[in-house]
Amino acid sequence: MDKTCEGLKVLIVGAGFAGLTAAIECRKRGATVILFEGNKERRQLGDIISFGSNSGRIFRSWPGVAEAMDPICHHSSGLDFRAFDDTFLCRQSWEVEESWGKRFNGHRGEIHEIVWNHALSLGVEIRLGSKVLEYFETDSEAGVVVNGERISGDVVLAGDGVRSLARTIVLGFEDKPKSSGYAVYRAWMGTEELKKDPATAWLADPTVDHHVAWLGPDVHFIVATLQKGTACSWVLTHKDDADVEESWSAPGSVDEAVKTVKDWAPVVHSIIRKTPQDKLVDWKLVFRDPLPTWISPKCRIALMGDAAHPFLPTSIQGASQSMEDGVTAAICLELAGKKNVPEAIRAYQKIRYPRVLETQRTGVTNRDNWHKADFDYVKKHPETVKLPRHAWILNFDCAKHVYDVYEETVESLRRDPDWKPDPRL
Ligand SMILES: Cc1cc2nc3c(=O)[nH]c(=O)nc-3n(C[C@H](O)[C@H](O)[C@H](O)COP(=O)(O)OP(=O)(O)OC[C@H]3O[C@@H](n4cnc5c(N)ncnc54)[C@H](O)[C@@H]3O)c2cc1C
């Protein structure tokens with residue numbers, strides 16, 4: 001690194017994977033980093049979360065982090081596909097993409113804790129109970145208002161999630177989510193009850209992690225086991241027109257979940273029925289159109305992660321792309337230096353936007369490939385249900401990419417100062 005972030009004061013909002021990654025990457029380049037998190041404490045929230053090999057590479061670049069994550073993550077060599085009536089369709093092996101690097105699938109809270117501790121160990125200052133209520137910027141600084149205090153820095157990176165407040169200063173209006181027409185029942189539980197039933201005992205196998213997807217008309221049900229057969233997570237994505245707010249803590253009903261797979265194989269019912277009611281979440285999937293921009297008028301405030309681009313879970317890339325944002329923003333700041341923060345922020349957007357847009361689209365195509373399938377056809381051509389695994393998404397080193405394209409990106413922005421991320425929007 002011939003330039004660093006030394007002398008830069010970076011304010012980051014939201015301690016999700018976008019915010020923590022940006023904090024770690026800026027801090028390791030010498031910036032002073034303050035991370036504001038609205039929650040009063042760090043909690044083990046969520047259930048299964050997936051990081052592809054593109055973000056696995058980021059974890060592996062942080063000393064000790066991948067090693068700490070490995071034992072708690074899911075390890076299977078492939079994903080088995082079955083039809084709703086339990087007919088075996090095919091197995092998608094991960095062997096072909098081994099050379100792309102490690103993937104990490106595990107409990108969001110457990111992985112989050114490891115990353116959080118890594119950020120603390122580098123000297124990131126995390127301020128809990130610090131809900132940002134206002135953003136501001138001038139030509140020379142940007143800042144936030146927290147607990148009545150006005151705090152300034154050189155730049156604000158806002159990773160404040162799907163209900164981002166920062167979006168308002170960036171867009172100049174409040175961006176409302178739309179219903180996606182789908183919801184997901186999600187559960188994370190121990191395998192004690194599964195072990196007692198011969199139909200589900202295989203899921204408590206301590207010697208092998210299982211990963212099985214049952215597909216049916218407009219519904220899919222995916223089960224993963226991990227941690228030596230002691231933990232099981234499942235997700236059930238189904239049509240839902242209820243206009244309920246997106247929340248990771250809305251309780252779900254086992255009876256309602258079973259109703260969505262009424263005519264399905266008994267094994268699916270057995271797994272759902274063995275889920276303790278308090279371990280089930282009903283997550284309404286909202287949708288947002290791609291934003292016309294992720295950066296503020298003076299280019300000192302940038303959106304990252306879900307604040308900039310919520311993903312459908314069927315892309316299996318939401319968390320990974322939020323981490324790529326954090327790395328990209330930090331390297332742009334490093335290469336631009338304190339005097340050129342707006343240049344860094346514009347380059348961040350130009351580098352990230354097209355890649356994110358294309359990746360977001362895969363969430364819709366993957367979902368529709370399963371949900372709209374003709375199951376008579378699928379039984380004859382089972383390979384058609386396999387997930388497309390794109391090398392351009394997964395075999396990607398976002399850090400190297402920024403170093404490779406930064407100069408040409410800045411040059412192009414100088415030639416075209418009015419450049420907009422997507423003129424079609
Ligand atoms: C509680 C929770 C549980 C989740 N569980 C899962 C899961 O099980 N599986 C899965 O695939 N994805 C889960 N997600 C979503 C997933 O983490 C994100 O889609 C992805 O990792 C992108 O992360 P992000 O950092 O952009 O956003 P998030 O992970 O949503 O993080 C945003 C952070 O910003 C904070 N914040 C919001 N507004 C403010 C404010 N005004 N001031 C300060 N802080 C603020 C929030 O408290 C939160 O910590 C969960 C998200 C949350 C918040």
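## A tour from loop to core

Select Asn147 in the loop between strand 9 and strand 10; helices (H or I, at least four residues) and strands (E, at least two) are DSSP runs, numbered from the N terminus. This is a predicted model, in which local features need pLDDT of at least 70 and side-chain atom pairs count only at pLDDT 80 or more, while totals for chains, interfaces and linings use all residues. Residues are numbered from 1 along each chain as its sequence is written, and side-chain values use heavy atoms, with hydrogens and water left out.

**Stop 1: two positive phi values**

Stay on Asn147. Its phi is positive, about 45°, although Asn147 is not a glycine. Most residues other than glycine have a negative phi. Asn147 counts as exposed, at 58% relative accessibility. The classes are buried (under 20% relative accessible area), exposed (over 50%) and partly exposed (in between), with a 1.4 Å probe and protein chains only.

Now pick Ile316. This residue sits in the loop between strand 17 (301-303) and helix 9. Phi of Ile316 is also positive, near 50°. Ile316 is partly exposed, with a relative accessible area of 27%.

**Stop 2: the sheet of 3 strands**

Go back to the strands around Asn147. Color strands 8, 9 and 10: they form an open sheet in the order 8-9-10, with antiparallel pairing. Two strands pair if DSSP finds at least two bridges between them. Strand 8 (132-137) and strand 10 (149-153) are the edges; each has a single partner strand, so one side of each lacks a neighbour in the sheet. Neighbouring strands here are turned by 25° against each other on average, direction ignored.

Zoom in on strands 8 and 9. Strand 9 covers residues 142-146, and 5 bridges join it to strand 8. Glu134 stands opposite Val145 in strand 9.

**Stop 3: the sheet of 7 strands**

Next, select strands 5, 4, 13, 14, 15, 12 and 16. In that order they make an open sheet with mixed pairing. Strand 5 (88-93) and strand 16 are its edges, each pairing on one side only. The average turn between neighbouring strands is 20°, direction ignored.

Two helices belong in this view. Helix 8 (residues 266-273) packs on the sheet and touches strand 12, strand 13 (211-216), strand 14 (219-226) and strand 15 (231-239). Contact means heavy atoms within 4.5 Å. The direction of helix 8 makes about 60° with that of strand 14. Axes are lines fitted to C-alpha atoms, for helices over the stretch in contact, and angles run from 0 to 180 degrees between N-to-C directions. Helix 10 (residues 341-371) lies across strand 4 (78-83), strand 12, strand 13, strand 14, strand 15 and strand 16, at about 105° to strand 14.

Move to strand 16. Of its 8 residues (280-287), 7 are buried, so strand 16 is largely enclosed by the rest of the structure. It runs antiparallel to strand 12 (residues 178-190), joined by 8 bridges. Ser179 stands opposite Val286. Lys178 has Phe287 as its bridge partner.

**Stop 4: strands 1 and 2**

Select residues 9-13, strand 1; 5 bridges join this strand to strand 2, and the two run parallel. Leu11 faces Ile34 in strand 2. Strand 2 (residues 32-36) has 4 of its 5 residues buried, so it is largely enclosed by the rest of the structure.

**Stop 5: the nonpolar cores**

A nonpolar core is a set of buried Ala, Val, Leu, Ile, Met, Phe, Trp, Tyr and Cys residues joined through side-chain atoms within 4.5 Å. The largest one has 87 residues; Phe59, Ile111, Val144, Leu157 and Leu333 touch the most other members. Helix 9 (residues 318-336) gives the most to this core, with 10 residues.

Show the surroundings of Leu157. Not counting residues up to four places away in sequence, its contacts include Val10, Leu11, Ile12, Val13, Ala329 and Leu333. A second, separate core has 24 residues, among them Leu203, Val254, Val267 and Ile272.

**Stop 6: helix 9 against helix 13**

Add helix 13 (residues 398-415): helix 9 packs on it at an angle of about 35°, with the axes 9 Å apart. On the helix 9 side, show Val327, Ile331 and Leu335, among others; on the helix 13 side, Val402, Tyr403 and Tyr406 are included.

**Last stop: Trp392**

Finish at Trp392, in helix 12 (residues 391-394). At 38% relative accessibility, Trp392 is partly exposed. Not counting residues up to four places away in sequence, Trp392 touches Arg355, Glu358 and Thr359.
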